[in-house]
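Visitor: I would like to learn how to read a model of this kind, one feature at a time. Where should we start?

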Amino acid sequence: MAEDVLARDDDVWIVSYPKSGNTWTRFLIANLIAPNTTVDWTNIEQIVPDIYITRDVKLRGYSSPRYLKSHEAYKPAYRKVIFIVRDPRDVAVSYFHFVRKAKMLGATDSIDEFMKLFMAGRIDPYGNWGENVASWLGARRGTPDFLVVRYEDLLVDAEAELARIAEMLKLPCDKAILHRAVENSRADRMRDLEQAQRGENKMLKRSRADIPFVRSAKSGQWQTELPAEAVAQIEAAWGGAMRELGYIESPVMETVR
């Protein structure tokens, strides 16, 4: 958990529940704001720092506007926010693999054991998926300087979604810059860099090398990897937010005769 970060009014916060595409978005934005820099795991903390890795005392020395990664639930001090969401069924799958990589679960612990912690919001200090996402949507939905970006839409057309982000942040960009940013942030490139540079990044260095941080970067994996009981739990608990975000369809109302 991060210590309190002294927020500035012109900060740009890249916020999401864990395993929702925040790191990918960080790389996309970093390539957008630093087009003449080769962005990788060795310098991402200097361009778009993670508040759980770079301490506030150091962040205070960064020039404005700062671009900062966070997983916190709603904070009024975060004025300009790119809020990334992902289907919680896929979040559960990705998070299960991550907690194994980060040695937060035993090597033999099952996904069923993980789901008990995931649903209760006991894996991290950010609440469960429903609490975290609802806090932001409830407080900021439809307000200026708050942009919701779906991970699934990034997968379909990353350039178009990055253009939306650039427009919201009033960043100059053209098709060439967008294309370069997306190409330099491809999942396969990030995986290759992860293996080559894991000793130079604090988060990667202290985690298991045999499980990649950047995995397949796909949607819908819950259909084959998540037990049916876990799917039912998620949909029952967070169906309202999932419908609002387009992850499940609203029930069809029967015509009253």
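Visitor: Is E244 buried, exposed or partly exposed, and what is its relative accessible area?

Guide: Keep in mind that this is a predicted model. E244 is partly exposed, because its relative accessible area is 42%, and the partly exposed class lies between the 20% and 50% limits.

Visitor: Which residue does the side chain of E244 meet in a salt bridge?

Guide: Side chains of opposite charge can pair when their charged atoms come close. Here the partner is R141, at 2.5 Å from N to O. The pair links distant parts of the chain: R141 sits in the loop between α6 (129-140) and β4 (146-150), E244 belongs to helix α13, and 103 residues separate them. R141 is partly exposed too, with a relative accessible area of 47%.

Visitor: How many salt bridges does the count come to?

Guide: The count comes to ten. One of them joins R89 and E235, with the closest N and O atoms 2.6 Å apart. R89 lies in helix α4 (residues 88-101) and E235 in helix α13 (residues 228-244), so this pair ties together parts that are 146 residues apart in sequence.

Visitor: Are R89 and E235 buried, exposed or partly exposed?

Guide: R89 is buried, at a relative accessible area of 5%, while E235 counts as partly exposed at 30%. Salt bridges that share partners also join D87, R89 and E235 into one network. Another pair is D153 with R150, where the closest N and O atoms are 3.1 Å apart. D153 counts as partly exposed, with 27% relative accessibility.

Visitor: Now the sheet. What is the order of its strands?

Guide: Strands of a sheet pair through backbone hydrogen bonds, either parallel or antiparallel. In this model an open sheet of four strands runs in the order β2-β1-β3-β4, with parallel pairing. β2 and β4 are the edge strands, each pairing on one side only. From one strand to the next the twist averages 20 degrees. Helix α8 (residues 158-169) packs on the sheet and touches β1, β2, β3 and β4; the direction of α8 makes about 170 degrees with that of β4.

Visitor: Over how many bridges does β1 pair with β2, and with β3?

Guide: β1 pairs with strand β2 (residues 67-70) over four bridges, and with strand β3 (residues 80-85) over five, both in the parallel sense. To follow the register, take V15, which stands opposite S70 in β2 and opposite F83 in β3. V12 in turn stands opposite Y67 in β2.

Visitor: Which residues point which way from β1?

Guide: V12, I14 and S16 point one way, W13 and V15 the other, and all are buried. Strand β1 (residues 12-16) is thus described as mostly covered, with five of its five residues buried.

Visitor: And for a helix, which residues of α5 are buried?

Guide: In helix α5 (residues 111-120) they are I111, F114, M115, F118 and M119. These residues cover an arc of only 125 degrees around the axis, which puts them on the same side of α5. Just after α5, G121 takes a positive phi of about 70 degrees.

Visitor: How many residues does the largest nonpolar core have?

Guide: In soluble globular proteins, nonpolar side chains tend to be buried together. The largest core here has 43 residues, and F83, F114, M115, F118, W129, L226 and I234 are those with the most contacts inside it. At least two residues of this core come from each of β1, β3, α4, α5, α6 and α13. α4 supplies the largest share, seven residues. A second, separate core of 32 residues includes I84, I165, L169 and L178.

Visitor: What is F83 in contact with, leaving aside its neighbours within four places in sequence?

Guide: Its contacts include V15, S16, W136, L137, F146 and V148.

Visitor: One last item: where is V39 placed?

Guide: V39 is in the loop between α1 (22-33) and α2 (44-47). V39 is buried, with a relative accessible area of 1%. From V39 to S185 the C-alpha distance is 8.6 Å, although the two are 146 residues apart in sequence.

Conventions. Residues numbered from 1 in each chain as written. Predicted model: local features only at pLDDT ≥ 70, side-chain atom pairs only at ≥ 80, totals over all residues. Heavy atoms only, no water. Buried < 20%, exposed > 50% of the residue type's maximum accessible area, 1.4 Å probe, protein only. Pairing = 2+ DSSP bridges. Arc of directions from axis to C-beta. Salt bridge = Lys/Arg side-chain N within 4 Å of Asp/Glu carboxyl O. Core = buried A, V, L, I, M, F, W, Y, C linked by side-chain atoms within 4.5 Å. Contact = heavy atoms within 4.5 Å. Axes fitted to C-alpha atoms, helices over the stretch in contact; angles between N-to-C directions.
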